[in-house]
Protein chains: 2
Amino acid sequence: MDLDSLTQQSGDWLRGTGPESDVVVSTRIRLARNISEFPFNTRTDDSTRARIVKQVRGALDDLAIPTVLQYIDVSELGDTDRQFLVERQLISRELSEGEGARGVAISKNEVESVMVNEEDHLRLQVLASGLDLSGCWQRIDQLDDAFEEHLTFAFHDHYGYLTACPTNVGTGIRASVMLHLPALVQTREIQKVFHSLQKINLAVRGLYGEGSQAMGDFYQISNQYTLGLSETQVLEKLSSVIPRILDYERRSRQAMLEENREELHDQVSRSYGILKSAHTISSEETMHLLSSVRLGVYLNLIDDLELSTLNELYIQTQPAHLQKLRHAELDSAERNKARAALLRQRLAAESEND
Amino acid sequence: MDLDSLTQQSGDWLRGTGPESDVVVSTRIRLARNISEFPFNTRTDDSTRARIVKQVRGALDDLAIPTVLQYIDVSELGDTDRQFLVERQLISRELSEGEGARGVAISKNEVESVMVNEEDHLRLQVLASGLDLSGCWQRIDQLDDAFEEHLTFAFHDHYGYLTACPTNVGTGIRASVMLHLPALVQTREIQKVFHSLQKINLAVRGLYGEGSQAMGDFYQISNQYTLGLSETQVLEKLSSVIPRILDYERRSRQAMLEENREELHDQVSRSYGILKSAHTISSEETMHLLSSVRLGVYLNLIDDLELSTLNELYIQTQPAHLQKLRHAELDSAERNKARAALLRQRLAAESEND
């Protein structure tokens, strides 16, 4: 797969057309799987890892799913290309920074992906636009079944699927929903949400997973545990909680609009104005301003901007994407200029298409 | 004269086409004159002031100058209209806030004006775009001569023209040049300029004269004394100093451009972006951003904006102008919205006329 071709498109999950897309950016489910004949990756040597890759690639060649998964050898990629895949949410930082034989298989629309030799031998992932836990589950269950026709996964009758880290034992499922919560952040209600979620064992993370900051008011909500709950129970738990957060965020947005419409209009419009005019801009400021503009689009305070454009800009203004688009290595100051140029160009084009 | 008609035009001095208009906004000369048969206004009662007005209006009706001066009775104007004339630099705050019979006679292009019953019985004023001390002097000398055909001014063989305040005795002349000095402000070199000017007895003031803050990096430089120097000497002194300040400001602009072109481009472009997108904006922020944009226009960092538009916006975004344009009394919050709407409208229209 030619990575450069990916710069010309964006994953289907970025379309911004899925259910509840005013608050829910995307839904993701991943499954941790290990091939029973090999030790966990905490104990594999280079040659074993290479054999794992070979076996997975063999399965990929003959996988009974409607889409083709193309394999990318991550160990052969340079820093920028690896970072590029991280920014597209197709691989984890761990896989990017790992060593030895490893890779990722990706469907053309970037909905399905399979990391090979991350913490576990396989990490299956399905991404969807908006809130779509059951759709993601159907697809990943199908993908899992397809692999099981070719591979024997480590499975224990009592514990379930065995994984390198005990937190994933059982179903090996992590279901997460990416939410955009600018109103809860601005009204400082977000802390209440965090506390409630922790109490019921749901985790909250920033845009790029574990340890990453919640840039641009994006929060990932996911299950903490995989043992003792069936996949259905995990999904039901999320499905029952998410609507309450959406409702909370929406009511906060409406309250902001009713109590301070003009100030809010001014704020989102200025954010849009700066994004359209800056000549140098950091990633952090970009995320902050895009978040404000996204809120403005949903509250009809900005009417000449497509949500898909905004969602794409979140990804395309990331460091590796900027460098891929420019076909050049750029230092931080150069990236800030390239980012501003991209924003001006894309947002000016958008306004002209009214 | 219908004040509302003035809202549809702007004074010739705002064209931004005069000499040295990259730094010099306007040149102004005023002469203080008193009619010998009346006491100074510190000692006039209402009926005397009314007689002064009557005599001046009589002279106005028959004045041998190429333009017509139309009289406005300031004592009959409401707060907004008086403030409107202050913002257009046609009357002083003192005349606006004074009591009793008083007024101003204005030529159609707002170049000539004559305040009646300010501190002195007459204050003649000529305004020009850019740096034009000799042009202003010719016009005001002509205006002064024309009045002297009808009025006898208080004059003392030894002291010269007599005035209510001793600082104006002698020639009664005040010549001032309005400079835009954003680079000297940003590089903090402006204090050096102030000190040098004070040493040679030139005064520095903000946009609206004595006591007013230097908003938007505008500074008025004028002579301090009227006694002991001829009119020509006053003008020569200013004429010799101003080019050095212009040179200093221009070199600072070039240095900023060479040392930090990108940061400067970013700054002026963001300022322009905010002015085009804000939905509420204070007068202070407007002046600050317009100053940045003005610098950008002169350094060719902004290319779709006419200087005359910028100069007009400085005046039209002032409180009384906004209220006159809207035909309504507006409180501070309403003015901030009206100001933002005016800026968006005017600057969007400008960009479309590329």
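These are my notes on cysteines, aromatic pairs and charges over rings in this predicted model.

**Cysteines**

I went for disulfides first. The count over all chains is 0, with a pair of cysteine sulfurs needing to lie within 2.5 Å to qualify. I also checked burial for two cysteines. Cys136(A) has 0% relative accessibility, so I put it down as buried. Cys165(A) comes out at 24%, so I have it as partly exposed, since buried stops at under 20%.

**Aromatic pairs**

Next I counted ring pairs: there are 6 over all chains. One of them joins Phe155(A) and Tyr161(A), edge-to-face, with 4.9 Å centre to centre and 75 degrees between the planes. I looked up the burial of both partners. Phe155(A) is partly exposed at 48% relative accessible area, whereas Tyr161(A) is buried at 11%.

Then I turned to Phe218(A) and Tyr314(A). Their ring centres are 4.6 Å apart and the planes sit at 80 degrees, so I logged this pair as edge-to-face too; the cut-off for that label is over 60 degrees. Where are the two in the chain? Phe218(A) belongs to strand β10 (residues 218-223) and Tyr314(A) to helix α10 (residues 307-316), so the pair links distant parts of chain A, 96 residues apart. Both Phe218(A) and Tyr314(A) are buried.

**Charges over rings**

Last, I looked for charged ends sitting over rings. In chain A, Lys324(A) has its charged end over the ring of Phe84(A), 5.4 Å from the ring centre. In chain B, I noted Arg33(B) over the face of Tyr161(B), with 3.5 Å to the ring centre.

Definitions and conventions: Residues are numbered from 1 along each chain as its sequence is written. Chains are lettered from A and ligands numbered from 1 in the order in which they are written. This is a predicted model: local features need pLDDT of at least 70, side-chain atom pairs count only at pLDDT 80 or more; totals for chains, interfaces and linings use all residues. Side-chain values use heavy atoms; hydrogens and water are left out. Buried means under 20% relative accessible area, exposed over 50%, partly exposed in between (1.4 Å probe, protein chains only). Rings of Phe, Tyr and Trp (its six-membered ring) pair if their centres lie within 6.5 Å; planes under 30 degrees apart count as stacked, over 60 as edge-to-face and the rest as tilted. Helices (H or I, at least four residues) and strands (E, at least two) are DSSP runs, numbered from the N terminus. A charge sits over a ring if NZ of Lys or CZ of Arg is within 6 Å of the ring centre and within 35 degrees of the ring normal.
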